[in-house]
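Please open the model in your viewer and keep the sequence panel visible. The tour below proposes what to select at each stop and describes what is found there.

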Amino acid sequence: PQLANQIAAGEVVERPASVVKELIENSLDAGATRIDIEIDRGGARLIRIRDNGSGIPQKELALALARHATSKISSLDDLEAIMSLGFRGEALASISSVSRLTLTSRTADQSEAWQAYAEGRDMEVTVKPAAHPVGTTLEVLDLFYNTPARRKFMRTEKTEFGHIDEVVRRIALARFDVAITLSHNGKIMRQYRAAKDPSQHERRLGAICGPQFLQHALAVSWSHGDLTIRGWVADPAGSRALTEMQYCYVNNRMMKDRLINHAIRQAYQDQLKDDQLPAYVLYLDIDPHQVDVNVHPAKHEVRFHQARLVHDFIYQAVVSVLQEAGT
Ligand code: ADP
Ligand code: MG
């Protein structure tokens, strides 16, 4: 159990949702405006992500997979070796070492698409011609098939899909301009259309957070110096119904931040004598030099250099929204 716990804490490729997150981030990095995600059996059988991004040139395909040629992650030692190299820059190689991964891609200046996959102990990469529009498809079959310890940690299909859905929601809330679909076992579960302009943002907000959040949402838009906060907080009635809905982005990265939670809660308490943490979707923009971000893929932590200032700024923003709304 100790080894199992350590592996569980490793969080490199913790579960299907972490694969989905890495792959969507790659698609976004490639400038995709449309991302289609297909999942079978909670991601244990299949994760397929297709984008219309810039694609990968034929001569770089093998490199994208083989950068870190681990054959298997079957012991803690192997796992730690991978982690110590930093998971960043190693996502495809890591995922490929614990699944059957196929990469198919075409750039705009290639007339042909190419497909790459790695196999065997040495993760030898094979590249061959394929059919694909400009963009990339990553197909991950049989995740953890060669790492029984990891596979045992996968929960039910429904639970794993729930985690995937949550990853997709978070990203969809950060990128209103990107069209995203998510299907499970052949059935379309989510379909987020791209918002052409900010007037369409509430449509996606409603699609992700539900009509109830939308109905109770108070818009936030507040600036001071080089701090800006935008988004929505739910009024107390909405918040009581949606207790788990706290989405916070710092410079468009999803964060879980105690300081921000505290500032918002304090504002509700002082204004409304309401003691619970409200539901919210908020975007804080701040000079990147004023924050340290823990880039560990699973942590989402941030430290503000001027914590007091940021706290008071958010507090003020929420207080003023509550006063304006007359709640
Ligand atoms: P990182 O994203 O940190 O560079 P990854 O292992 O996630 O490392 O990806 C390796 C490389 O493969 C990326 O740097 C990028 O060049 C390429 N790549 C991966 N996915 C895509 C994609 N969907 N579209 C275009 N290029 C991609
Ligand atoms: Mg990546």
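## Salt bridges and their surroundings

A search of the whole structure, which is a predicted model, finds 15 salt bridges. As background, side chains of opposite charge can pair when their charged atoms come close.

**The whole chain.** Before selecting single residues, display the protein chain as a cartoon. The chain contains 12 helices and 15 strands. Of its 327 residues, 49% are buried. The surface exposed by the chain is about 16000 Å², and carbon and sulfur atoms supply 49% of that area. Consider next the contacts between residues at least 6 apart in sequence: 68% of them join residues at least 24 apart.

**First stop: Asp142 and Arg100.** Select these two residues and show their side chains. Asp142 forms a salt bridge with Arg100, and the closest N and O atoms are 3.0 Å apart. Which parts of the chain does the pair link? Asp142 belongs to the loop between strand E6 (135–141) and helix H6 (148–153), whereas Arg100 is in strand E3 (residues 100–106); the two residues are 42 apart, so the pair links distant parts of the chain. Asp142 counts as buried because its relative accessible area is 18%, under the 20% cut-off. Arg100, with a relative accessible area of 41%, is partly exposed.

**Second stop: strand E6 and its neighbours.** Select strand E6. Is this strand mostly covered or uncovered? Six of the seven residues of E6 are buried, and the strand is thus mostly covered. Now add strand E2 (residues 46–51) to the selection. E2 and E6 run antiparallel and are joined by six bridges. Within this pairing, Ile47 stands opposite Val140 of E6. Then add strand E3, which also runs antiparallel to E6 and is joined to E6 by seven bridges. Here Arg100, the salt-bridge partner of Asp142, stands opposite Leu141 in E6.

**Third stop: helix H7.** Select Glu166 and Arg169. These residues form a salt bridge, with 3.3 Å between the closest N and O atoms. How are the two placed in the helix? Both lie in helix H7 (residues 157–174); because they are three residues apart, about one helical turn separates them. Glu166 is partly exposed at 24% relative accessibility, while Arg169 is buried with a relative accessible area of 13%.

**Fourth stop: Asp177 and Arg175.** Select this pair next. The side chains of Asp177 and Arg175 meet in a salt bridge of 2.9 Å, N to O. Both partners count as partly exposed, Asp177 at 39% relative accessibility and Arg175 at 24%. Elsewhere, Glu38, Arg48 and Glu139 may be selected together: salt bridges that share partners join these three residues into one network.

**Final stop: Asp257.** Select Asp257, in the loop between strand E12 (253–255) and helix H11 (258–272). How far away is the nearest side chain of opposite charge? That side chain belongs to Arg258 and is 8.3 Å away; Asp257 is buried yet has no salt bridge. For a salt bridge, the charged side-chain nitrogen and the carboxyl oxygen would have to lie within 4 Å. Show the backbone of Ile260 as well: its nitrogen lies 2.9 Å from a polar atom of the Asp257 side chain. Lastly, display Val302 and Phe304, which Asp257 touches when residues up to four places away in sequence are not counted.

Conventions: Residues are numbered from 1 along each chain as its sequence is written. Chains are lettered from A and ligands numbered from 1 in the order in which they are written. This is a predicted model: local features need pLDDT of at least 70, side-chain atom pairs count only at pLDDT 80 or more; totals for chains, interfaces and linings use all residues. Side-chain values use heavy atoms; hydrogens and water are left out. Helices (H or I, at least four residues) and strands (E, at least two) are DSSP runs, numbered from the N terminus. Buried means under 20% relative accessible area, exposed over 50%, partly exposed in between (1.4 Å probe, protein chains only). Lys and Arg count as positive and Asp and Glu as negative; His and the chain ends are not counted. A polar contact is a pair of N or O atoms within 3.5 Å; within protein, one must be able to donate a hydrogen and the other to accept it, and residues adjacent in sequence count only if both atoms are side-chain atoms. Contact means heavy atoms within 4.5 Å. Accessible areas come from the Shrake-Rupley method with a 1.4 Å probe; for residues, only the protein chains shown count as cover. Two strands pair if DSSP finds at least two bridges between them.
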